[in-house]
Amino acid sequence: MIIKNIGELVGIVPAGVLRKQGAEMAETGVLHDAWLAVEDGKIVGFGKMDDLVGHDGNDRESIDAEGGLVMPAFCDSHTHIVYAGSRDGEFLDKINGLSYEEIAARGGGILNSSDLLHETSEDELFAQSMVRVREMMAKGTGALEIKSGYGLNPEDELKMLRVIRRIKESVPALVRITFLGAHAIGRGYTHEGYVQAVVDMMPKAAELADFVDVFCDEGFFTVEDTDRILTAGAACGLRPKIHANELAVSGGVQVGVKHGALSVDHLERTGDAEIEALRGSETMPTMLPGSSFFLGIPFGRAKEFIGAGLGVALASDYNPGSSPSGDMRFVMALGCIRMRLTPVQALNAVTLNSAYAMGLSDITGSITVGKRADLILTHPGWTLTKIPYLHQTPFLRTVFLGGRALK
Ligand code: NIG
Ligand code: FE
């Protein structure tokens with residue numbers, strides 16, 4: 001397949017660049033009036049239309065972009081899209097003034113989702129979750145991470161992990177699986193008893209999961225709990241990606257970096273110590289502006305992180321309690337409008353860096369020869385800047401995942 005007459009081809013990254021940090025965040029390779037060729041689901045070449053001679057074999061299926069933009073599909077490195085039912089009742093509580101913490105303290109929040117999940121069959125959970133995955137792919141997401149964490153006992157956590165595995169095997173998007181047993185204290189457990197239960201779940205969870213996560217925050221799990229759980233995860237080969245510093249300056253960033261976390265996520269509440277801890281590490285700071293927006297809490301200090309030479313990834317956090325949306329274009333727009341990232345910085349945050357934050361940036365997340373052809377083609381007339389600027393105007397023409405147009 002060859003896409004011709006691309007008005008703007010953005011997100012071009014040289015092979016071997018797995019993430020962008022600091023000043024590199026402001027750079028993206030761009031070609032105007034371009035073509036891009038795909039073979040066996042991978043990008044095999046791109047260039048200027050003027051130089052197309054020789055690549056224009058008649059055997060290739062040709063798509064006329066009519067001046068539309070082509071960019072890498074979105075990568076969403078933090079979601080909780082496997083859940084049962086809805087928490088729309090809590091939405092009313094929130095409108096009436098209760099905070100996330102107050103709703104959780106009344107037995108709502110994560111425990112509410114856990115009760116619903118317990119009563120839902122595995123097939124039904126899969127069916128409900130697939131509706132969300134299909135919606136995300138249709139909106140341009142080509143790679144996503146999905147967490148457990150609404151099971152909160154050994155049986156239901158494994159049920160969730162099996163459902164995520166089934167999603168992974170059913171969709172053209174790339175899926176990474178995270179074991180978040182330590183999302184809240186399961187019903188019927190003491191705090192200490194549940195931490196031990198999560199440690200005990202680890203070997204079975206590791207058969208299904210790629211990563212281990214802990215909600216290291218005030219009122220949930222302490223730094224000491226996190227240290228214990230991540231040590232147990234490492235013993236089973238699971239690298240951490242953790243929730244940190246959403247509700248308080250929790251020490252989560254530091255314990256994550258100490259354990260070589262692939263990412264530390266949320267970061268709505270950080271000081272300079274968190275930036276210092278991240279400097280020189282392999283850990284990707286990941287911010288979730290959809291939950292800042294929905295909960296009315298501070299946005300992450302992305303500009304300061306970037307100014308300090310760090311990379312930043314943005315993800316949706318799609319979940320029923322703090323971010324009921326998996327729209328990565330909206331995440332990108334919030335990155336620009338509320339966090340004051342430039343469109344290029346936001347693009348890097350929602351593609352390459354988010355792919356890095358789930359260990360996938362060697363195979364997706366940029367326009368690079370040899371990577372999967374996970375692409376967004378827009379309608380004619382779109383530029384990178386207009387995507388977050390005209391943030392509600394339909395822009396997508398076709399999403400290609402592994403080189404195939406999503407129907
Ligand atoms: O990332 N912060 C913890 N976990 C989710 C919310 C989960 C829920 O409320 O269901 C989050 O915001
Ligand atoms: Fe989350």
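## Helix pairs and a ligand site

In this predicted model, let us start where two helices touch: H191, E192, V195, Q196, V198, V199 and M202 in α6 meet D225, R228, I229, A232 and G233 in α7. By class, the residues of this contact of α6 with α7 divide into 6 nonpolar, 3 polar and 3 charged.

How do the two helices lie against each other? Two packed helices are described by the angle between their axes and the distance between the axes. Helix α6 covers residues 191-206 and helix α7 covers residues 223-235; their axes come within 8 Å and cross at roughly 15°. Because angles under 35 degrees count as roughly parallel, α6 is roughly parallel to α7. The crossing in which α6 passes α7 is right-handed.

Now move to helix α4 (residues 122-138) and helix α5 (residues 154-170), which pack at an angle of about 50° with their axes 10 Å apart. These two helices are therefore oblique to each other, and the crossing of α4 and α5 is right-handed. On the α4 side, the contact is made by E122, D123, L125, F126, S129, M130 and V133, while α5 brings K159, R162, V163, R166, I167 and S170. Sorted by class, the contact of α4 with α5 has 6 nonpolar, 2 polar and 5 charged residues.

Another pair to look at is helix α12 (residues 328-337) with helix α13 (residues 343-350): their axes come within 9 Å and cross at roughly 140°. That angle makes α12 oblique to α13, and the crossing of α12 and α13 is right-handed. Here M328, V331, M332 and C336 of α12 meet P343, A346, L347 and V350 of α13. Which classes of residue make up the contact of α12 with α13? There are 8 nonpolar residues, no polar ones and no charged ones.

Finally, find ligand 1 in the structure. It is surrounded by 15 residues, and the closest are Y100, Y150, H183, E246 and S322. Several histidine side chains also place a polar atom by an oxygen atom of the ligand, as listed here.

| Side chain | Partner | Distance |
|---|---|---|
| H80 | oxygen atom of ligand 1 | 3.3 Å |
| H243 | oxygen atom of ligand 1 | 3.0 Å |
| H266 | oxygen atom of ligand 1 | 2.8 Å |

To follow the table in the 3D view, pick out H266, whose side chain has an N or O atom 2.8 Å from an oxygen atom of ligand 1. Then look for H243, with a distance of 3.0 Å, and H80, with a distance of 3.3 Å.

Key: Residues numbered from 1 in each chain as written. Chains lettered and ligands numbered in written order. Predicted model: local features only at pLDDT ≥ 70, side-chain atom pairs only at ≥ 80, totals over all residues. Heavy atoms only, no water. Axes fitted to C-alpha atoms, helices over the stretch in contact; angles between N-to-C directions. Helix = DSSP H or I, 4+ residues; strand = E, 2+ residues; numbered from the N terminus. Parallel < 35°, antiparallel > 145°, perpendicular 65-115°, else oblique. Left-handed = near helix turned anticlockwise from the far one by under 90°. Contact = heavy atoms within 4.5 Å. Nonpolar A, V, L, I, M, F, W, Y, C, P; charged D, E, K, R; others polar. Near = heavy atom within 4 Å. Polar contact = N/O pair within 3.5 Å; in protein donor to acceptor, adjacent residues only side chain to side chain.
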